[in-house]
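Hello,

Here is the structure I promised to pass on to you. Have a look at it first, and then read on for my notes.

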Amino acid sequence: MPKLFTGAEIVFKCLEDQKVEYIFGYPGGAVLPIYDELKNHKSIKHILARHEQGAGHAAEGYARSSGKPGILLVTSGPGATNAVTALADAYMDSIPLVCISGQVPTHLIGTDAFQECDTTGITRPCTKHNWLVKDVNNLSDIIHQAFEVATTGRPGPVLVDIPKDIQFKKGRYKFTKNKLFKKVNGKVSKKVNSKDIDKFIEMIKKSSKPIFYTGGGVINSGPNASKLLRELVSLTGFPITSTLQGLGAYPGDDPQFLGMLGMHGTYEANNAMHDCDLMINIGARFDDRITGKIDEFSPASKKIHVDIDPSSVGKNVKVDLAVISDVNELLENLIKKFKEKNKNFLNSNKQKTSKWWMQIEKWRTKKSLNFINSEKTIKPQHAVQRLYELTKHKDTFITTEVGQHQMWAAQHYKFNKPNRWMTSGGLGTMGFGLPAAVGVQVAQPGKLVIDIAGEASVLMTIQEMSTAVQYRLPIKIFILNNEYMGMVRQWQELLHDKNYSESYSEALPDFVKLAEAYGCVGIRASKPSELDEKIEEMINIDKPVIFDCVVDKEENCYPMIPSGKPHNQMLLGPQDEKEEVSDEGKALV
Amino acid sequence: MKKSKSAYSEPSKIGKKEHHIIVLWVDNEAGVLARVVGLFSGRGYNIDSLAVAEVDKKKHLSRITIVTIGTPEVIEQIKLQLKKLIPVHKVADFSRHDPKILFKELALFKLVATSKKQEKAKKICKKFNVVVLDKSKKSFVIQVTALRREIDKLIDNLKPLGLVSTSRTGAVAMTRGPEIFK
């Protein structure tokens, strides 16, 4: 007779065999047997959040900064529904999460029992896959498969729903390692075709106006992919731009880097995307915030698309060469072959792309990220720039909420390493940054973790300050406080005739006192002259800090591609607004 | 020019839509149909008809046949998205006009009619493998197998003959010749 374990024991045996160190969660009736078992497993530490959404974003922060899957443990009913936002967020940004949820006992399913909801039904469209466990003997297989589905192919969230009676019942434990290993979404992936590599290199050689357009796929492929990307970019001498999610894969201060592209990307990046003759998309997905008007998206270019997810190819934009592959694997093969046959490419090709680079330099002279600074009020861009200058010598991890501050952070904070930038890109979840910072700090003890936040976003999950205090996680919440939902206000100004409907918060907490109430430190800066000193003070405090940075209330985020416009029709600042955002420009924000 | 206040771009021109038959082989487990159908509704794809049943008892494999309509790009997306579902083993896609493919739908008709009209009805259905399943003095139930448009036409023709109830399946499909889809 094999040894039998309770369902709760099996859950922990699985987690141990998957080398899980941290669980983010919140207890409740339907997961109590699992929580009861926690004490017997010293290698696994539980981080108690204050809300399941917070636990979910913390698990995301952990996963995004470490590359390991984030583990989430919640109860049935409201526990599961509260976790849905985090699951949807992870699904959009391809972040591996394993969510274990309790469910009412099997015999009560379907009876509208207390704290019952159709968890697998609700989470089906926002997970890669989910399971309702019906037999304790399948539990270990299901959890191990859940880990594989979450972490292989295009990563993403999964959920295992375990009824309470299954947690008590005894059954067998099995661990067959790597059953689906190297498969995409649990399915066999093709090896990179050598013909495709040849064609890839051929297209590189033919091009005179090339650009690399890279995304979160490079980050997800692991730190080595970022190294290889740098090698390829320097081998070719081509310019490179990155999506919001891909920042850090290539050094932000390198001269070949044109900055972020897209709706609030730089003038040079967007114009280069529009005018190029070869676009090399590595691990990005032609998102609508990137492409602008799709009919006029980069009309004259040949396009190469490298993506691990076959359904990403051809979804929004037709491409000339599609390579379905992990970024790391593709780059390894490509660089090897490229080096063999093109020994002196960089020098011999310089002439060919020199005109292109001259054009790019011309675009650069627009200095599209410039803003008019002030000595009276703190400009939000200035605050981010100062924060960058004062923290760049450290290995700093930045999370953000969603809105203007997020775009300013992406524009003005330069990243040199992958996994240092954690932001909610696809779903755009306000309230993401604070709990994400909690998860990042758990994964990166001793490192400086800063949430660049807006005052509206941060209030959505502010309760997680308690979590930070409880586990002595010295996260820094850097709030650019303009008392408005800034991005909403900006759109209302530009598109809705300055009707600022419900975008001003007439009552806000005193963030310094709020910090003190939570047991952390509050700092306020309201004059440009005191900014540096206060930021230094924040960095030097070994406790969680809420930094209330009182900024200009009506600053808009530029540059910007107005709604419905192609890449080469950007607004650079307020001076452009009057003429261009007259009629047709209003749709594109 | 029309003012647009959307935060998103305007839709671009839509290509020509075509009917396609998507056949998929899936693990017959709880919720699998919901996953497939949810994918269609969630992404705004269309389902004209749906037929599903287990075809392999030992391996617990079901075969789902979906008739859908969409532009070539949408059809391609449907296939790729379906392939990503964990319980889906393989996905086949046939154009409705593909001569290599056989399609059939089954329909049951109940007619309340005199025997004279019953005979007339049988004649109309003659070409479509008509089987009489139930017969009484006042009524009868017949079964036909045919293409979708043929059944549509039969319904029109049977209405004046006392058709009171129609039940029909979604289309099922199979390739001609010895090949099977791998």
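Let me begin with helix α11 of chain A, residues 267-275, which is mostly covered, with 8 of its 9 residues buried. Please keep in mind throughout that this is a predicted model. The buried residues of α11(A) are Y267(A), E268(A), A269(A), N270(A), N271(A), A272(A), M273(A) and H274(A). What do they pack against? Four strands and a helix of chain A: β11 (210-214), β12 (240-242), β13 (257-260), β14 (278-282) and α15 (350-364).

On confidence, chain A has a mean pLDDT of 94, and 95% of its residues reach 70 or more. One stretch to treat separately is residues 579-589 of chain A, where pLDDT stays under 50. For that stretch the model has 39 contacts beyond four places in sequence.

Next, a helix pair in chain A. The axes of α1 (residues 7-17) and α6 (residues 139-151) come within 9 Å and cross at roughly 30 degrees, and the crossing is right-handed. On the α1(A) side the contact is made by G7(A), I10(A), V11(A) and C14(A); α6(A) contributes L139(A), S140(A), I143(A) and H144(A). Sorted by class, this contact has 5 nonpolar, 3 polar and no charged residues.

A single residue also caught my eye: V98(A), in strand β5 (residues 97-103) of chain A. Is V98(A) buried or exposed? V98(A) counts as buried because it has 26 C-beta neighbours inside 10 Å, and the cut-off for buried is 20 or more. Leaving aside neighbours within four places in sequence, V98(A) is in contact with P69(A), I71(A), A146(A), F147(A), A150(A) and V158(A). For a long-range distance, take V98(A) and E340(A): they are 242 residues apart along the chain, and their C-alpha atoms are separated by 42 Å.

Finally, chain B. Its domain assignment gives domain 1 (18-95) and domain 2 (101-174), and the C-alpha centres of these two domains lie 28 Å apart. Their contact takes 8 residues from domain 1 of chain B and 7 residues from domain 2 of chain B. On the domain 1 side, the elements giving two or more residues are β1 (18-27), β2 (49-56) and β3 (61-70) of chain B. Which of them gives the most? That is β2(B), with 3 residues. By class, the domain 1 side of this contact has 6 nonpolar, 2 polar and no charged residues.

Best wishes

Key:
Residues numbered from 1 in each chain as written. Chains lettered and ligands numbered in written order. Predicted model: local features only at pLDDT ≥ 70, side-chain atom pairs only at ≥ 80, totals over all residues. Buried ≥ 20, exposed ≤ 12 C-beta atoms within 10 Å, placed from the backbone. Contact = placed C-beta atoms within 7 Å. Domains from an automatic or database assignment. Nonpolar A, V, L, I, M, F, W, Y, C, P; charged D, E, K, R; others polar. Axes fitted to C-alpha atoms, helices over the stretch in contact; angles between N-to-C directions. Left-handed = near helix turned anticlockwise from the far one by under 90°. pLDDT = per-residue confidence, 0-100.
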